[in-house]
Amino acid sequence: MFQTGLQLATRMTRIGVYVCHCGLNIAGTVDVEKVAEYAKTLPDIVVAKHYTYMCSEPGQRMIQDDIKALKLDRIVIATCSPRMHEETFRKAVAEAGLNPYLLEIVNLREHVSWPHSEEPEKATEKAKALVRMGVARVKLLEPLEKRRVSIFKDVLVVGGGIAGIQASLDLANAGFKVYLVEKAPSIGGRMAQLDKTFPTLDCSACILTPKMVDVAKHPNVTLLTNSEVESVKGFVGNYEVAIVKKPRYVDGDKCVGCELCTKVCPVKVPDKFNERLGKTRAISIYSSHAVPKVATIDPDFCLRLKTKKKDVCGKCAQACEAKAINFEQQPETVQLKIGGVIIAVGSEVFDASRMPEYGYGRFPNVISNIEFERISDASGPTNGKILSPNTGQPPRTVVFVQCVGSRDKRFHEYCCRVGCMVSLKQAILVREKMGRDVNIYVCFNDLRSFGKGYEEFYRRARDLDINFVAGIPSDVRMASDGSLYFDVFERGTSKLLEMHSDMVVLANGLVPSSDITEINKLFHASRSADGFLLEAHPKLRPLECSTAGIFLAGACQGPKDIPDTVAQASGAAAKAMDLLASGEIELEPLKAVVDEDLCSGCRVCESLCPFSAIEMKRETKIDEEKLRAEVIEAMCQGCGLCSAACPTGAIKIQQYSNKQVLAQVDAALAETKGGN
Amino acid sequence: MSLIDSMSMAKPNLKTRSKILAKLRGRDLVNCFQCIKCTSGCTALKLLELEPHEIEKLVNLGLVDELVSSDIIWTCVTCLKCVQRCPQKASPYHVIIALRNLAVEREAKIPEEFMKKVSQILETGLAESMQKVTTRKMETCDRESLKLPKLAGPKESFQAAFMKALEER
């Protein structure tokens with residue numbers, strides 16, 4: 001291959017240079033005509049042209065016609081970032097019969113016209129220099145071929161909330177085998193905790209439970225609840241994943257969900273599903289509509305498991321008619337071979353005790369919006385009656401406070417996207433459940449009701465005599481009787497209002513799940529500044545990670561309501577199908593390659609590679625045994641770290657050999673000839 | 001009590017508020033989301049400091065007692081621009097008229113000009129009084145000099161109907 005490169009380099013090349021205006025994006029600053037004229041003065045240039053939009057159909061056709069008519073064998077296109085259109089132009093030159101890797105993109109937009117818009121003349125000079133460098137490099141490029149490799153078609157879905165459920169169902173219905181992993185003892189996630197959903201007020205459980213059952217019963221879905229991903233090896237299309245099934249201490253196949261055990265268990269435990277507002281037992285079924293409906297023992301509370309003594313308690317085992325209790329159960333590891341991953345680990349609710357001004361955690365009548373959901377839910381600790389957690393009496397005045405932990409640089413700068421609508425819904429629920437006599441106020445910053453049917457929902461709240469106070473309180477205080485009072489400066493009336501209330505509901509925002517750090521490590525899934533998982537492109541590739549084969553669904557990518565979550569989940573499932581359907585994938589050839597003879601087996605590259613793409617192979621050659629680096633092509637992302645660090649120069653990135661890079665450096669340092 | 005205006009120590013008067021809402025036949029005309037467009041375009045704002053959005057909000061909050069006895073509700077020039085422009089089809093104008101009617105009911109202090117107008121309508125049946133006119137030749141004329149017949153006063157039935165209408169509001 002290197003020989004071919006040398007041969008090509010020494011042969012006479014016929015280069016075409018194409019300068020794009022990008023409308024006025026480039027041409028507004030850079031004198032594109034001068035750049036094209038300058039290119040003509042460089043050696044081996046057969047043609048140099050400029051055009052308004054090179055990426056347009058006529059622009060591409062112009063290049064293709066020239067390749068055929070003028071027998072061009074190298075192309076330089078001076079245009080926007082290669083991230084934008086390199087693929088477009090590769091396809092275009094390939095259609096004209098040229099190897100798509102004999103193309104060099106020179107970035108005149110992000111590297112020249114945009115940053116130097118104040119200095120057009122200097123920008124033009126820089127553009128010329130970059131074109132000169134591109135021409136020097138393009139001569140040394142080698143023709144490369146993409147490779148196709150076969151892949152596994154099964155999909156791993158991490159997280160069993162509505163996003164994971166939806167993605168699993170879509171994939172399973174399309175014929176893909178799905179492994180749905182959920183950390184909690186039941187699937188359902190956040191949505192299972194909600195009472196009603198905005199803006200239609202349909203009951204969350206009524207629309208979610210059927211989907212939970214469907215996904216659990218689907219022949220193509222393997223449900224792994226109470227389980228976590230332990231390790232991930234491999235690369236797009238070829239992942240090897242280990243899942244740990246944590247012990248339930250209950251045999252899932254035998255347990256019938258009768259809850260006899262829960263009735264006899266003597267240990268009371270705060271109920272996580274009910275946001276610790278109520279108590280459950282050390283052996284319990286996660287929620288009333290849990291899927292699978294199987295009891296789980298909490299080893300932190302169970303007397304038998306804590307003491308590890310055979311004669312302690314054991315009441316559940318005595319009560320269980322199905323003989324399902326097994327105190328000896330051990331963690332179990334499941335090994336899976338999968339092609340793609342959908343991450344749907346969701347988000348958590350902001351902990352308002354970090355904001356002392358609201359008294360959350362100190363004043364019992366200050367509650368969070370997710371706690372309100374449990375209070376309002378018929379299956380919750382108050383059986384759906386809205387009662388003050390302090391007195392157990394129905395409140396006479398309920399105040400909702402918006403933007404708690406969101407739009408706040410001290411905590412989370414972003415808007416939580418759901419807080420306004422959640423409070424509107426909860427305010428409407430208070431009105432519907434408690435009638436005309438209860439006073440309802442919403443203290444807001446900006447009320448954002450942007451979704452379909454949301455503005456109408458806001459209007460409905462006002463129609464129901466819910467009062468909106470334009471202002472956020474700064475100190476919530478508690479009176480001796482447990483009631484709350486605080487001042488709000490109301491923007492509409494310019495009045496300082498002193499408000500008295502016996503329940504304050506905080507619109508806590510959504511924050512990245514605590515699992516995200518682990519997900520980040522396991523799957524090489526990057527995070528954005530807000531802590532959520534980062535999509536490959538904010539507009540054009542919102543459903544996938546920049547690591548190939550990893551897709552994002554739901555609130556792990558950013559705060560989302562249910563409609564958006566479901567839409568993204570279906571989208572991510574479709575992207576996974578797109579990747580895996582054919583059973584093989586195409587690999588970019590711009591990877592690291594090892595020169596066997598030069599490799600000394602020092603392992604520097606292996607220790608540096610962020611994608612674990614280097615494996616050390618031991619091999620015997622005639623009389624000596626030698627350690628040698630080998631690149632796993634499918635995992636290598638072509639980042640070049642190994643190549644920069646290799647002490648013998650044995651490992652190179654295709655198209656970025658020392659020779660190719662140094663030719664560019666020489667061109668950069670060369671004096672400008674002619675042109676200006 | 002759920003709310004106090006810390007400056008005036010006023011509290012919401014929910015009874016009066018429901019009375020106003022009854023006059024407005026529901027909540028539609030106070031269904032305001034405080035875009036403040038009404039105040040931006042209010043004819044009475046610059047000279048008379050009327051802020052229609054504030055009136056909407058005060059009625060919603062129930063802080064109406066002060067409002068009913070204030071002079072500000074009498075400054076509206078009833079241009080109806082707020083009604084035309086409101087994106088939520090609320091109407092500060094209708095709310096102001098409802099507040100004025102309530103003020104009359106409560107026999108609150110009403111600006112003299114308004115009372116004069118009422119007695120004039122009662123006496124003459126006309127919203128504007130007879131005025132003299134100056135011609136281009138600078139002659140001043142009135143009905144008498146133009147030999148027009150004297151206007152008859154309103155019928156007794158009109159006065160009765162007018163009084164009745166006033167009371168019903």
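Here is a walk through a predicted model of two chains, A and B, starting with the domains and ending with how the helices pack.

Let's get oriented with chain A. Its domain assignment lists five entries: domain 1 covers 2-146, domain 3 covers 260-330, domain 4 covers 348-511 and domain 5 covers 592-653. Domain 2 is the one to watch when you scroll along the sequence, since it is put together from 155-246, 333-346 and 513-580. If you want a feel for the spread, the C-alpha centres of domain 3 of chain A and domain 5 of chain A are 53 Å apart. Chain B has its own split, into domain 1 (14-105) and domain 2 (114-168). The C-alpha centres of those two domains of chain B are separated by 30 Å.

Now for the place where the chains meet. Chain A puts 18 residues into the contact and chain B puts in 16. On the chain B side, the elements giving two or more residues are strand S1 (3-5) and helix H4 (52-61). The largest share there belongs to H4(B), with 6 residues. Sort that side of chain B by class and you get 6 nonpolar, 6 polar and 4 charged residues.

S1(B) is worth a closer look, as it pairs with a strand of the other chain. Strand S26 of chain A (residues 495-501) runs antiparallel to S1(B), and 3 bridges join them. To find the spot on screen, pick Glu498(A) and look for Ile4(B) opposite, in S1(B). This pairing belongs to an open sheet of 4 strands with antiparallel pairing, in the order S24(A)-S25(A)-S26(A)-S1(B). S24 of chain A (477-478) and S1 of chain B each have a single partner strand, so they form the edges, and one side of each has no neighbour in the sheet. Further in, strand S25 of chain A (residues 484-490) pairs with S26(A) over 7 bridges, again in the antiparallel sense. Here Leu484(A) sits opposite Ser501(A) of S26(A).

Chain A also has an open sheet of 5 strands, this one with parallel pairing, in the order S20-S27-S21-S22-S23. Its edges are strand S20 (366-368) and strand S23 (467-470) of chain A, each pairing on one side only. On average, and ignoring direction, neighbouring strands of this sheet are turned by 25° against each other. Within it, strand S21 (residues 397-404) and strand S22 (residues 439-444) of chain A run parallel and share 5 bridges. One pair to look for is Val398(A) with its bridge partner Ile440(A) in S22(A). Helix H12 of chain A (residues 369-376) packs on this sheet, where it touches S20 and strand S27 (503-508) of chain A. The direction of H12 makes about 120° with that of S27(A).

Next, the helix pairs. Helix H13 (residues 419-434) and helix H14 (residues 454-463) of chain A have axes 10 Å apart and pack at an angle of about 40°. That angle is why H13(A) and H14(A) count as oblique to each other. Their crossing is left-handed. H13(A) brings Met421(A), Leu424(A), Ala427(A) and Ile428(A), which meet Tyr454(A), Phe457(A), Tyr458(A), Arg460(A) and Ala461(A) of H14(A). By class, this contact has 8 nonpolar residues, no polar ones and 1 charged.

Helix H7 of chain A (residues 162-173) packs against two partners described here. With helix H16 of chain A (residues 562-580), the axes come within 8 Å and cross at roughly 40°, and the crossing is right-handed. The residues involved include Ala163(A), Ala167(A) and Leu171(A) of H7(A), along with Ala569(A), Ala573(A) and Met577(A) of H16(A). In this contact, 11 residues are nonpolar, 4 polar and 1 charged.

What is the handedness of the crossing of H7(A) and H8(A)? It is left-handed. Helix H8 of chain A (residues 204-217) packs against H7(A) at an angle of about 50°, with the axes 10 Å apart, and that makes the two helices oblique. Ile162(A), Ile165(A), Ser168(A) and Leu169(A) of H7(A) make the contact with Leu208(A), Lys211(A), Met212(A), Asp214(A) and Val215(A) of H8(A). These residues divide into 6 nonpolar, 1 polar and 2 charged.

Definitions and conventions: Residues are numbered from 1 along each chain as its sequence is written. Chains are lettered from A and ligands numbered from 1 in the order in which they are written. This is a predicted model: local features need pLDDT of at least 70, side-chain atom pairs count only at pLDDT 80 or more; totals for chains, interfaces and linings use all residues. Domain bounds come from an automatic or database domain assignment. Two residues are in contact if their C-beta atoms, placed from the backbone, lie within 7 Å. Ala, Val, Leu, Ile, Met, Phe, Trp, Tyr, Cys and Pro count as nonpolar, Asp, Glu, Lys and Arg as charged, and the others, Gly among them, as polar. Two strands pair if DSSP finds at least two bridges between them. Axes are lines fitted to C-alpha atoms, for helices over the stretch in contact, and angles run from 0 to 180 degrees between N-to-C directions. A crossing is left-handed if the near helix is turned anticlockwise from the far one by less than a right angle, and right-handed if clockwise. Angles under 35 degrees count as roughly parallel, over 145 as roughly antiparallel, 65 to 115 as roughly perpendicular and the rest as oblique.
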